[in-house]
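Biologist: Hello! Please take a close look at one buried part of this model for me, and then work outwards from there to the parts around it.

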Amino acid sequence: MNTSRENMIAGLADDLEPVRRITVQGGLLLVGFATLVAFGVSVAVFDFWFGMFEGKASSFFWVTNGLVLLLGVASALALVMGGSPRVGQRENAPGWSAAMLAVLPLTVALSVATGSHDHGELVTPVAWMCTKASLSAALLVGFASILWLRRGAPVSLERSGWLTGTAAGALGTFAYGITCPVDSVAHLGLWHVTPVAIAAVIGRIVVPPLIRW
């Protein structure tokens, strides 16, 4: 009986090959590299805005891009850690970061409602370009994130989908956003936040079937 069992186990193990162990650092490096590539492509296409270093950027420019980057980093870290099953409490940093970022479009809505900003600032050709450019940059980050998750073993596919979309949308928006010279409250609070929400929804729908194991 023991010999038969050992032969069966040996037969099952014959085709097994060692694989490289995935690490959190490796995942973060991959996502970070994709973000740098997205930034490089954005600069090559739209040019770098040196005005931010010449005192031309408003404080809202730094606040918006800072919050977008914070959400992207928090989501990417949660995403990479979720690629390896583990026991313990899940981090809720992406949720809190998203809540802070959501204050920006609320600020825009209140500003428009109280007459502080003209409605015409909300819908402009530049606004649509920012949305499309941010989502294009997000594709690079999303692709890297999916590659990482396919190497791992994510337990919650739905959560991984949300995190992939959110991380890709936020980091892609940041990669493009710091090349955008339009720094009004209305523009940044709406059109540099909307791509993040769109990418999050797309990630929730598209990613789970791609990383199922």
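**From one histidine to the helix packing**

Modeller: With pleasure! In this predicted model, His-187 has a relative accessibility of 2%, so this residue counts as buried, the cut-off being under 20%. His-187 belongs to helix H7, which covers residues 185–191. Once neighbours within four places in sequence are set aside, the contacts of His-187 are Val-126, Ala-127, Cys-130, Cys-180, Val-182 and His-192.

Let me put that helix into its setting. The protein has eight helices and zero strands, and along the sequence the pattern reads α-α-α-α-α-α-α-α. Of its 213 residues, 41% are buried. If you take the contacts between residues at least 6 apart in sequence, 87% of them join residues at least 24 apart. The accessible surface comes to about 12000 Å², and carbon and sulfur atoms account for 68% of that.

Now for the interior. In soluble globular proteins, nonpolar side chains tend to be buried together. Here the largest nonpolar core has 16 residues, and the members that touch the most others are Met-52, Phe-61, Leu-101 and Leu-104. Two or more residues come from each of H3, helix H4 (93–113) and H6. H3 is the biggest contributor to this core, with five residues. Leu-104 is a good one to click on: beyond its neighbours within four places in sequence, Leu-104 is in contact with Phe-60, Thr-64, Leu-67, Gly-189 and Val-193. Gly-189 falls within the residue range of H7, the helix where we started. There is also a second, separate core of eleven residues, with Leu-79, Val-80, Leu-149 and Ile-211 among them.

H3 and H6 deserve a view of their own. Two packed helices are described by the angle between their axes and the distance between the axes. For helix H3 (residues 59–82) and helix H6 (residues 157–177), the angle is about 145 degrees and the axes are 8 Å apart. Their crossing is left-handed. On the H3 side, the residues in contact include Phe-61, Asn-65, Val-68, Gly-72, Ser-75 and Leu-79, while those on the H6 side include Arg-159, Leu-163, Thr-166, Ala-167, Ala-170 and Phe-174. By type, the residues of this contact are 13 nonpolar, eight polar and one charged. Phe-61 of this contact is also one of the residues named above for touching the most other members of the largest core, and Leu-79 belongs to the second core.

Two residues of H3 show what surrounds this helix. Ser-75, in helix H3, is buried with a relative accessible area of 0%. Leaving aside neighbours within four places in sequence, Ser-75 is in contact with Leu-163, Thr-166 and Ala-167, and also with Pro-94. Ala-74, found in helix H3 too, counts as buried at 13% relative accessibility. Not counting residues up to four places away in sequence, Ala-74 touches Ala-93, Pro-94 and Ser-97. Pro-94 therefore appears among the contacts of Ser-75 and of the buried Ala-74. As for H6, the C-alpha atoms of Ala-74 and Ala-170 are 10.0 Å apart, with their positions 96 residues apart in sequence.

If you move along to another part of H6, you reach Gly-161, which is buried with a relative accessible area of 0%. Beyond residues up to four places away in sequence, Gly-161 touches Ala-200, Gly-203, Arg-204, Val-207 and Pro-208. Its C-alpha atom is 10.0 Å from that of Ser-145, which lies 16 residues away along the chain. Ala-200 sits in helix H8 (residues 194–211) and is buried, with a relative accessible area of 9%. With neighbours within four places in sequence left out, the contacts of Ala-200 are Gly-161, Trp-162, Gly-165 and Thr-166. The C-alpha atoms of Ala-200 and Trp-162 are separated by 5.4 Å, although the residues are 38 apart along the chain. Thr-166 is worth colouring in your viewer, since this residue is in contact with Ala-200 and also with Ser-75.

Finally, a stop at the surface. Asp-47 is in the loop between helix H2 (24–46) and H3. Its relative accessible area is 51%, so Asp-47 counts as exposed, for which the cut-off is over 50%. Asp-47 has a positive phi of about 75 degrees, although this residue is not a glycine.

Technical notes:
Residues numbered from 1 in each chain as written. Predicted model: local features only at pLDDT ≥ 70, side-chain atom pairs only at ≥ 80, totals over all residues. Heavy atoms only, no water. Axes fitted to C-alpha atoms, helices over the stretch in contact; angles between N-to-C directions. Helix = DSSP H or I, 4+ residues; strand = E, 2+ residues; numbered from the N terminus. Left-handed = near helix turned anticlockwise from the far one by under 90°. Contact = heavy atoms within 4.5 Å. Nonpolar A, V, L, I, M, F, W, Y, C, P; charged D, E, K, R; others polar. Buried < 20%, exposed > 50% of the residue type's maximum accessible area, 1.4 Å probe, protein only. Areas by Shrake-Rupley, 256 points an atom, 1.4 Å probe, with all protein chains shown as cover. Core = buried A, V, L, I, M, F, W, Y, C linked by side-chain atoms within 4.5 Å.
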